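Colleague: Could you walk me through one part of this protein in some detail? I'd like to see the sheet and whatever packs around it.

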Amino acid sequence: RDDVVERLQIDPAKIILTGFSLGGSMATYLACQTPGAFAAYAPVAGGFWRPHPTSCNGPVRLLHTHGWTDTTVPLEGRVLRGTDANDPNALMQGDIHYTMGVWREANGCTQLRADRFVTQGAFLRRAWDRCDEGSALEFAVFPGGHVVPKGWADMMLEWFETLDAD
């Protein structure tokens, strides 16, 4: 990030880290470990792996987007190697719903359920507003599988551009 900021003269307050699938997982872990490294995070179709982290450094500004019918990285996660979810040596993707709980805690959100529910095009969005100052947390699902959905970039940029409008 620092190299890009210096060489291209980019305002670090305008840099969003995103990634798709395993890149989304990478963005998720980076947001957890160093939430202030980027202005916001926007993973798509990727999250924590099991065992899930029990906490993150926070707060963070994060929009997670996921396909409702994603079978590559299902919302509930899946076993990639091993006999089943009870196999102690299994390699398993994480549960996105659990991940959102970790983010609510890292952001100091006072409610379990979302404060706002927005349908925008194909996206069903849930947002938590009663959280620590400087944080933002939103979860968007869409009717599709393991893809970056059409309209995602516009939706994500609109989300980012309205973060400091309040």
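Modeller: **The open sheet and its surroundings**

Let's start in strand E8, where arginine 126 is the bridge partner of phenylalanine 117. Keep in mind that this is a predicted model. That residue pair belongs to E7 and E8, which run antiparallel to each other and share 5 bridges. The two strands make a hairpin with 2 residues between them, and glycine 121 in the turn has a positive phi of about 60°.

Now zoom out to the whole sheet. It is open and has 6 strands, in the order E1-E2-E4-E9-E8-E7, and the pairing is mixed. Which strands stand at the edges? They are E1 (16–20) and E7 (116–120); each has a single partner strand, so one side of each is left without a neighbour in the sheet. On average, neighbouring strands here are turned by 15° against each other, direction ignored.

Over at the E1 edge, the pairing is parallel: E1 and E2 (residues 40–44) are joined over 5 bridges. If you want a landmark there, look for isoleucine 16, which stands opposite alanine 40 in E2. While you're looking along the strands, a general point helps: side chains in a regular strand alternate between the two faces of the sheet.

Next, the helices. H2 (residues 22–33) lies across E1, E2 and E4 (61–67), and runs at about 145° to E1. H4 (residues 152–161) lies across E1, E2, E4, E7, E8 (123–128) and E9 (136–142), running at about 160° to E4. Glutamate 161 is part of H4, and with a relative accessible area of 61% it is exposed, because the cut-off for that is over 50%. From glutamate 161 to aspartate 129 it is 32 residues in sequence and 16 Å in space, C-alpha to C-alpha.

H2 also brings in some aromatic residues. There are 4 aromatic pairs by the ring-distance rule. Tyrosine 29 and phenylalanine 48 form an edge-to-face pair, with 5.0 Å centre to centre and 75° between the planes. This pair links distant parts of the chain: tyrosine 29 sits in H2, phenylalanine 48 sits in the loop between E2 and E3 (49–50), and they are 19 residues apart. Are these two residues buried or exposed? Tyrosine 29 is partly exposed, at 26% relative accessible area, whereas phenylalanine 48 is buried, at 1%. Along with Trp103, Tyr29 and Phe48 make up one aromatic cluster.

Finally, here's how that part sits in the whole protein. There are 4 helices and 9 strands in total, and along the sequence they follow the pattern α-β-α-β-β-β-β-β-α-β-β-β-α. Of the contacts between residues at least 6 apart in sequence, 55% join residues at least 24 apart. The radius of gyration is 16 Å, which agrees with the value near 15 Å for a compact globule of 166 residues. The C-alpha atoms fill a box of roughly 50 × 35 × 35 Å along the principal axes. Buried residues account for 46% of the 166. As for the accessible surface, it comes to about 8900 Å², and 54% of that belongs to carbon and sulfur atoms.

How values were computed: Residues are numbered from 1 along each chain as its sequence is written. This is a predicted model: local features need pLDDT of at least 70, side-chain atom pairs count only at pLDDT 80 or more; totals for chains, interfaces and linings use all residues. Side-chain values use heavy atoms; hydrogens and water are left out. Two strands pair if DSSP finds at least two bridges between them. Axes are lines fitted to C-alpha atoms, for helices over the stretch in contact, and angles run from 0 to 180 degrees between N-to-C directions. Contact means heavy atoms within 4.5 Å. The radius of gyration is taken over C-alpha atoms; the globule rule is 2.2 Å times the number of residues to the power 0.38. Buried means under 20% relative accessible area, exposed over 50%, partly exposed in between (1.4 Å probe, protein chains only). Accessible areas come from the Shrake-Rupley method with a 1.4 Å probe; for residues, only the protein chains shown count as cover. Rings of Phe, Tyr and Trp (its six-membered ring) pair if their centres lie within 6.5 Å; planes under 30 degrees apart count as stacked, over 60 as edge-to-face and the rest as tilted.
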